Number of protein chains: 2
Amino acid sequence: MTRPMEVDIPDIADVHLAHARIRAQVRVTPVINDPGLDDALACQLHCKCENLQRTGAFKFRGASNAIARLGEDGRHGAVATHSSGNHGAALALAAQLDGRRAHVVMPEDSSPMKVDAVRAYGGEVHFCAPTNAARAAALEVLVQEGNIPVHPYDDAAIIAGQGTAALELEQAVPSLEMVITPVGGGGLIAGTAIATRAWGVSVYGAEPSGAADTAASLQLGSIVKDFSPDTIADGLRAIVGVRNFEVIRQSVKAVLTVSDDDIRAAMVLAWRHLRLLIEPSSATVIAAIRNNPDLFAGRRVGAIISGGNVYPSDWLELTRSAGGGA
Amino acid sequence: MTRPMEVDIPDIADVHLAHARIRAQVRVTPVINDPGLDDALACQLHCKCENLQRTGAFKFRGASNAIARLGEDGRHGAVATHSSGNHGAALALAAQLDGRRAHVVMPEDSSPMKVDAVRAYGGEVHFCAPTNAARAAALEVLVQEGNIPVHPYDDAAIIAGQGTAALELEQAVPSLEMVITPVGGGGLIAGTAIATRAWGVSVYGAEPSGAADTAASLQLGSIVKDFSPDTIADGLRAIVGVRNFEVIRQSVKAVLTVSDDDIRAAMVLAWRHLRLLIEPSSATVIAAIRNNPDLFAGRRVGAIISGGNVYPSDWLELTRSAGGGA
């Protein structure tokens, strides 16, 4: 995907501008604290429920900002992207609300729920083989046809848009000491790290051990290549982006890894205490807090619950071994 | 259950007092509007999500107020009630937070989730046969033993507490024209009707056609007796209370009935558009709006989503015929 020079790493002013730009169509999601969940995690946890965002995920923030920026730049016409799901649906809705068409390249093995969501918002799905090469080729064809590419995470407007969730979290609970978000391509954590710079909280990431490319990249000092993800957290299988990695390296305290079984248990905890079905990607943050009492015990923590796009039947299947079937 | 003279029908000042009293421990639940759900229902719907209340239902409001009132009156010691579920769990937690024990008489066929919830909050469950007589006898024994009875709905403190959800709804969306709530024993709708008297909205109730004792009682002009409920909405099987009926008769425009199939379809709608699993009782309000476009089309409507205490596996079973299994 092309990365024009003017699309650089955003700063906190860009996040505030994004918030002003998208406020009319993006939902101010609730921030929920539950004393029972606090007891289970031995900290004071405030969950920013982006699973209750429009399209069921925080991705609608970045997509809305990206589409609005295109309009400001006079770049009209259809957009194209690749996505395993949540970004695709988010871009489809943001485009639809702006009177544009959206093309979404999706791997053939995408979750049916996520394919349906893209289509429900008027997006056109283009299936490809589940490899990076096939995905890039399919997108390239769409761009050659004149569609404007919108990268799912390695894009300044997307990063700034995702950061707006943290602005709302700060407004709701100004006294937090730490904030944690899931890490996939890095749009949410990079936006969060930038948005919180003036706030003085420590920012942590959570990553499935089967898709711990960002943790490995931090270790290595540069982005790892040819990573093969293997995790139930279908939203976190992407390799961290260039801009995203730069922000993470500078501003994130650590990226903590959790197993798929930790994720399953955290999904059940979220249901038990919050009455929310959250997708595996979202549950990584609760799992990471649970696994690291040395870091989190007794602290006031904010967690961005990234999405809720999991069919109840899939949720049951995923959590059965962790007691979710009861 | 005894009804001392001083426990009369509350007024709007009682609801405001209740709100001040319980504010520290009751969650200000989110109010969510979704344009996709609006399209599906052809109105502007603002959902007050009491399914995200502590204990998973609005009942925690009334229970918290009742316990606080007992404390103010110097009535210390254990409490007792009967409940098919949500009131029992709510009273158990409110009692626990006040350092009291709670005894809950439950029919043997109560949902296991609701039994577990009472116990999770430290409540003691006393099973009885699933008849009004057995329930009354079991409660009477507990009261003879010195426990203080707290009726699930026919009680001024409970009604005033339930009304606090409507106060928050008014604060969040002052421009509503109509408010609709489910009707079981009538605590929520009576509290809502009282809380909204100065607001000038029209209040409607929604009742399953298999437990339409309130609609029938309105028709008759007095409370029907010996009603045998048959509905999947397990939270709405109670017969309307005396105080509750009085308020409904005076202040509620109409109680609309919906079939169990309407309820199933509404549960799926809530999932599809809000990403919330709501229990059948809660879905009655969405079903009633959907069934009555003559009343609701084009209007700004508030709906109190009363509870989310349904296991994902039970939700799937209940909604399979309505497309919830996908």
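How many residues of domain 1 of chain A are in contact with domain 2 of chain A? I counted contacts as residue pairs whose C-beta atoms, placed from the backbone, lie within 7 Å. By that rule, 27 residues of domain 1 of chain A meet 21 residues of domain 2 of chain A.

A note on the material: this is a predicted model, where local features need pLDDT of at least 70, side-chain atom pairs count only at pLDDT 80 or more, and totals for chains, interfaces and linings use all residues. Residues are numbered from 1 along each chain as its sequence is written, while chains are lettered from A and ligands numbered from 1 in the order in which they are written.

**Entry: domains**

I looked up the bounds, which come from an automatic or database domain assignment. Chain A splits into domain 1 (12-57 + 162-322) and domain 2 (60-156). Taken over C-alpha atoms, their centres in chain A lie 23 Å apart.

**Entry: chain A against chain B**

Next I turned to the contact between the chains, to which chain A gives 18 residues and chain B gives 18 residues. On the side of chain A that touches chain B, I find 9 nonpolar, 6 polar and 3 charged residues. Here Ala, Val, Leu, Ile, Met, Phe, Trp, Tyr, Cys and Pro count as nonpolar, Asp, Glu, Lys and Arg as charged, and the others, Gly among them, as polar.

Which surface do the copies use? I see that 100% of the interface residues of chain A are also interface residues in chain B, so the copies meet through the same surface.

Technical notes: Contact = placed C-beta atoms within 7 Å.
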